[in-house]
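Got the viewer open? Let's take a walk through the model, one selection at a time.

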Amino acid sequence: MRARPSHLLVVAALALLAGCAGSGGNYHDPNMDFGSVKTVAVLPFTNLSRDSAGAERVRDVFVNMLLASGSIYVLPNGEVARGLNRLGVQNAANPSVEELTKLGSFLKCDAIIGGVVKEYGEVHSGNAAANVVSASVQMFESASGRVIWSASSTKGGISLTDRMFGGGGVPANDVTESLVNDLLDRLFKQ
Amino acid sequence: MTCWTGSSSSSRAGRAVALVLTSLVACASARPAGAPAASGGGARAFRVAVLPADSLSSGPVPLRAVTTQVERAMEAAGLKVVGGDAVEAYLENHRLRFTGGVDGPAAAAARGELGVDGLLITTVEEHELEGPPRLAITFRLVSASEDARILWTDGFGRAGDDAPGLLGLGVVRDYRRLEARELVRMARSLTLALDGRGPRAPPCPAEGRFEPSVLYRSPDFQPAGRYSVAVLPFVNETSRRRAGDLLALELTRQLAGIGRLRVIEPGVTRDRLIHYRVIMEGGVSLDTARVTLETVGADLVIAGYVRELSEGADPSLEYTALALDRSGKMVWQATSHGNGSAGVWFFDWSMIGSASQLACRLARGSAVSLFGEGDTGGTEVALPAKGGKQ
């Protein structure tokens, strides 16, 4: 049975749409009981974007929305900074396993979250411009320092409407909230 | 007998009339809920020391000139103002260089040395002489007592082109005119509060467009409770000087507008932080929060981060504020961002042209998201009694 050209077109279009959706990978440690994670510390995110404050903004929204979920308590950023200073962690965004376990016991948290912001800001294509935010996050178990959850997501960018009619797209903060929502969906909906 | 009965009934009627009259008199003299009770004589009997203005502005400010204008405006409103050399000598005696706040011992000393009931703290947030002039000032009246209570706080942020009107006829190009108009308004707000006829901390308008974009409030937190709150300076992550102090000040002002709260004077908090050598690198830690709560006797400590603060015709601001309770638990966190043109669709109607006003509105949104609307605008605080510590 031969596939009709129209079917092939539909499949190709769906594949394209899937590519545009911007959903990244996701990993959950199958042996981890996520219900036992009550308190987490969120480390400063690594910033790979052009905006020097991009990582802090994403981290801030991430902490706030994680708290707002009501499932997990997040330690204040200042307390995390104190822990990192006290333990002399050189690279706060990428601590070693040993540093993670020490930090976990110092801050008395069940898990530690770190992340990387890859894109934060405007992208241009022709006359169209829009905000795009891309980030990946990892959750480490405090006791062992191993990765128990990892996810990445990209939101925003230039839509078909932006291309056709112009416009500046959605504010960066709204895109960030959408991105963090997506990441938290991945965390809670295993 | 009839006569006796008649006498009795007329006596009862008289008593009823007297009761009604007494009630009416009591109602007439009753101050608005929460307004400060004047210590006899109201604003005209109130002696205030005007401290030299402090600047949170990004540019240079003629602080001496501003302070002089403030003194004149307060005098014109009927207050007994102590300023100039007497205040300079007092500051010198106590080695006070920072005039953006006052701590308890210094406030109490002002009563003895200057013979005042309160200290007026003036903080200039924006100052622009060129183009359409721009001026934003926040005032605080602090009691001259050991506990340095905030008796009144108000502020304004105005640009000459705030209300251009038809053909730009409403544009104010003269800085002096703008300054004089607003200082008169502030002096009136202060005298009304001292007379018990106005609110202690008139809040900024609460607008939906300036509510926090992301909000968390612990389900265990009781927003309707009576708390004492200390606001720490926000961590400044912008390139604008003292943006963190500006935000903390605006938040303090909006919280003071919630009558059931006791907001700690920022000068007291600052003094305690310096005394215990607390440095908030990277934000408030649990240790910092505990020290602050213990030393100033507060139930909640509020801190945060300012990520963006730009001034100009379309100002923008982004910050995160959080509240920690005595157990070190974060009970509230809110991220707010906004710009002056947010929600403006019809020409420039409802445009916010001053960063200070934007901060004020966003801070109001944050305060309401933490404590609810509540009994804004009033306080139970009475003015300090003459000659005694409160």
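One idea before you click: a residue counts as buried when its relative accessible area is under 20%, as exposed when it is over 50%, and as partly exposed in between. Keep in mind, too, that this is a predicted model.

**Stop 1: a helix with two kinds of residue**

Select E182(B). Its relative accessibility is 3%, so E182(B) counts as buried. Now add R185(B), which comes out at 37% and therefore counts as partly exposed. Both residues sit in helix α6 of chain B, 3 residues apart, or about one turn of the helix. Their side chains form a salt bridge, and the closest N and O atoms are 2.8 Å apart.

For a similar pair in the other chain, select D182(A) and R186(A). These two share helix α6 (residues 172-188) of chain A and are 4 residues apart, again about one turn of the helix. Their side chains meet in a salt bridge at 3.3 Å, N to O. Are they buried or exposed? Both D182(A) and R186(A) are buried.

Next, pick R149(B) and D147(B). This salt bridge has an N to O distance of 2.9 Å. R149(B) has 13% relative accessibility, so it counts as buried, while D147(B), at 30%, counts as partly exposed. Over all chains, the count comes to 30 salt bridges.

**Stop 2: the disulfide**

Show the sulfur atoms of C204(B) and C360(B). A disulfide joins them, with 1.7 Å from S to S. What parts of the chain does the pair tie together? C204(B) lies in the loop between α6 (175-194) and β7 (214-217) of chain B, and C360(B) lies in helix α10 (residues 355-371) of chain B, so the link connects parts that are 156 residues apart in sequence. Look along the S-S bond: the angle about it is 105°, and the link is right-handed. Both C204(B) and C360(B) are buried. The count over all chains is 1 disulfide.

Stay here and select Q254(B), found in helix α7 of chain B. Its relative accessibility is 0%, so Q254(B) counts as buried. What is Q254(B) in contact with, leaving aside its neighbours within four places in sequence? The list is P203(B), C204(B), C360(B), A363(B), R364(B) and A367(B), and you have just met two of these names as the partners of the disulfide.

**Stop 3: helix α8 of chain B**

Now highlight residues 266-275 of chain B, which make up helix α8. Colour its buried residues: P266(B), G267(B), V268(B), T269(B) and L273(B). What covers them? The cover includes α5 (104-114), β5 (134-143), β6 (150-159), β8 (228-231), α7 (243-256) and α9 of chain B.

Then look at the N-terminal end of α8(B). E265(B) caps it, with a side-chain oxygen 3.0 Å from the backbone nitrogen of G267(B). After α8(B) comes R277(B), whose phi is positive, near 50°.

**Stop 4: where the chains meet**

Show both chains and colour them separately. In the interface, 25 residues of chain B are in contact with 22 residues of chain A. Together the two chains bury about 1,900 Å², with 51% of that on carbon and sulfur atoms.

Zoom in on R57(A) and E318(B), whose side chains meet in a salt bridge at 3.0 Å, N to O. Between chain B and chain A, the count is 4 salt bridges. The interface also has 12 residue pairs in polar contact, with both residues at pLDDT 80 or more.

Which elements of chain B give two or more residues to the side that touches chain A? They are β7, α9 (286-296), β11 (300-310), β12 (316-325) and β13 (330-339) of chain B. The largest share, 5 residues, comes from β13(B). By class, this side of chain B has 9 nonpolar, 9 polar and 7 charged residues.

**Last stop: zoom out**

Finish with the whole of chain B, shown as a cartoon. Its secondary structure comes to 10 helices and 13 strands. Of the 390 residues of chain B, 54% count as buried. Among the contacts in chain B between residues at least 6 apart in sequence, 71% join residues at least 24 apart.

Notes: Residues numbered from 1 in each chain as written. Chains lettered and ligands numbered in written order. Predicted model: local features only at pLDDT ≥ 70, side-chain atom pairs only at ≥ 80, totals over all residues. Heavy atoms only, no water. Disulfide = S-S within 2.5 Å. Buried < 20%, exposed > 50% of the residue type's maximum accessible area, 1.4 Å probe, protein only. Contact = heavy atoms within 4.5 Å. Buried area = accessible area lost by both parts, 1.4 Å probe. Polar contact = N/O pair within 3.5 Å; in protein donor to acceptor, adjacent residues only side chain to side chain. Nonpolar A, V, L, I, M, F, W, Y, C, P; charged D, E, K, R; others polar.
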